[in-house]
Amino acid sequence: MSLRLLSSSLLRNYTTSLRASASQTAYYSTIKKYTEDHEWVTVVDGVGTVGITDYAQKALGDVVFVECPEVGSSVETMAQIGAVESVKAASDIFAPLAGEIVDSNTALESEPGLINSSPEDKGWLCKIKLADISEFDSLMDEEAYKAHCEH
């Protein structure tokens, strides 16, 4: 079973600025966006922090094991990057954006329950150095994600 099968008030002021660099990398400060598969991502300086949503952790129940991606690996958008096992089910985690894994939350190895107690903060899964930051704009904002969860 994947989070695809599982059917907080965030800042709505969306500020985008271009850094004065040759790559013109966009900087998104505190914006959180979502996938249809119930992953969330925030981006700072071209690095996306990824986790599963509160909605997903509630649907999963008590998380007993988390598999995070290996640092240094390259990922494509919507490729499997890990898994979460709970007392109810096992679910795959998918990369919301393409890039290179630059950090994994090793605390989840000994404390998988962080997914339940703090899914959108301390329970983050990994950080991805984005290959194309413009992909971030294709993800759902909070309002669209809430509507998606209501269906």
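Tutor: Before we start: two residues are in contact when they have heavy atoms within 4.5 Å of each other. Also keep in mind that this is a predicted model.

Student: Okay, let's use that. Which residues does Gly48 touch, not counting residues up to four places away in sequence?

Tutor: Start with its place: Gly48 sits in strand β5. Its relative accessible area is 0%, so it is buried. Leaving out residues up to four places away in sequence, Gly48 touches Val41, Thr42, Val43, Cys126, Lys127, Ile128 and Leu130.

Student: And how many Å apart in space are Gly48 and Lys32, C-alpha to C-alpha?

Tutor: Along the chain, Gly48 and Lys32 are 16 residues apart. In space, their C-alpha to C-alpha separation is 9.8 Å.

Student: What is the order of the strands in the open sheet of six?

Tutor: The pairing in this sheet is antiparallel. At its edges stand β3 (32–34) and β7 (74–75), each pairing on one side only. Reading across, the order is β3-β4-β5-β11-β10-β7.

Student: Which residue in β10 stands opposite Val75?

Tutor: β7 and β10 run antiparallel and are joined by two bridges. Opposite Val75, in β10, you'll find Gly99.

Student: There's also an open sheet of three strands. Which of them stand at the edges?

Tutor: The order there is β6-β8-β9, with antiparallel pairing. An edge strand has a single partner, so one of its sides is left without a neighbour in the sheet. That describes β6 (63–67) and β9 (90–94).

Student: What does the twist average from one strand to the next there?

Tutor: We're still on the sheet ordered β6-β8-β9. From one strand to the next, its twist averages 20°.

Student: What is the bridge partner of Gln80 in β9?

Tutor: Strand β8 covers residues 80–86, and five bridges join it to β9, with the two running antiparallel. For Gln80, the bridge partner in β9 is Phe94.

Student: Phe94 and Val50: how far apart are they in space, C-alpha to C-alpha?

Tutor: Val50 is in strand β5, and it counts as buried because its relative accessibility is 1%. Its contacts beyond four places in sequence include Ile81, Pro96 and Leu125. Phe94 is 44 residues away from Val50 in sequence, yet the C-alpha to C-alpha separation is 9.5 Å.

Student: On to the largest nonpolar core. Which element gives the most to it?

Tutor: This core has 26 residues, and those with the most contacts inside it include Val41, Ile52, Leu125 and Phe136. Among the elements supplying at least two residues each are β4 (39–44), β5 (47–52), α1 (54–60) and α3 (114–117). With three residues, the top contributor is β11.

Student: How many residues make up the second, separate core?

Tutor: Its members include Trp40, Met140, Tyr145 and Cys149. Cys149 has a relative accessible area of 14%, so it counts as buried. The residue count for this second core is six.

Student: How many disulfides does the model have?

Tutor: A disulfide needs two cysteine sulfur atoms within 2.5 Å. Take Cys68: the nearest cysteine sulfur, that of Cys126, is 7.1 Å away, and Cys68 is in no disulfide. The count for the model is zero.

Student: Is Cys68 buried or partly exposed?

Tutor: Buried means under 20% relative accessible area. Cys68 has a relative accessibility of 24%, so it counts as partly exposed.

Student: Ser104 touches Cys68 too. Which residue's backbone oxygen does the Ser104 side chain reach?

Tutor: Ser104 lies in strand β10 (residues 99–104) and is buried, because its relative accessibility is 11%. Its contacts beyond four places in sequence include Cys68, Trp124 and Cys126. At 2.4 Å, its side chain reaches the backbone oxygen of Pro69.

Student: Now some backbone angles. What is the phi of Asp45 near?

Tutor: Asp45 is in the loop between β4 and β5. A relative accessible area of 44% makes it partly exposed. Asp45 isn't a glycine, but its phi is positive, near 50°.

Student: And what is the phi of Met78, about?

Tutor: Met78 is in the loop between β7 and β8, and at 29% relative accessibility it counts as partly exposed. Although Met78 is not a glycine, its phi is positive, at about 70°.

Note on methods
Residues are numbered from 1 along each chain as its sequence is written. This is a predicted model: local features need pLDDT of at least 70, side-chain atom pairs count only at pLDDT 80 or more; totals for chains, interfaces and linings use all residues. Side-chain values use heavy atoms; hydrogens and water are left out. Buried means under 20% relative accessible area, exposed over 50%, partly exposed in between (1.4 Å probe, protein chains only). Two strands pair if DSSP finds at least two bridges between them. Helices (H or I, at least four residues) and strands (E, at least two) are DSSP runs, numbered from the N terminus. Axes are lines fitted to C-alpha atoms, for helices over the stretch in contact, and angles run from 0 to 180 degrees between N-to-C directions. A polar contact is a pair of N or O atoms within 3.5 Å; within protein, one must be able to donate a hydrogen and the other to accept it, and residues adjacent in sequence count only if both atoms are side-chain atoms. A nonpolar core is a set of buried Ala, Val, Leu, Ile, Met, Phe, Trp, Tyr and Cys residues joined through side-chain atoms within 4.5 Å.
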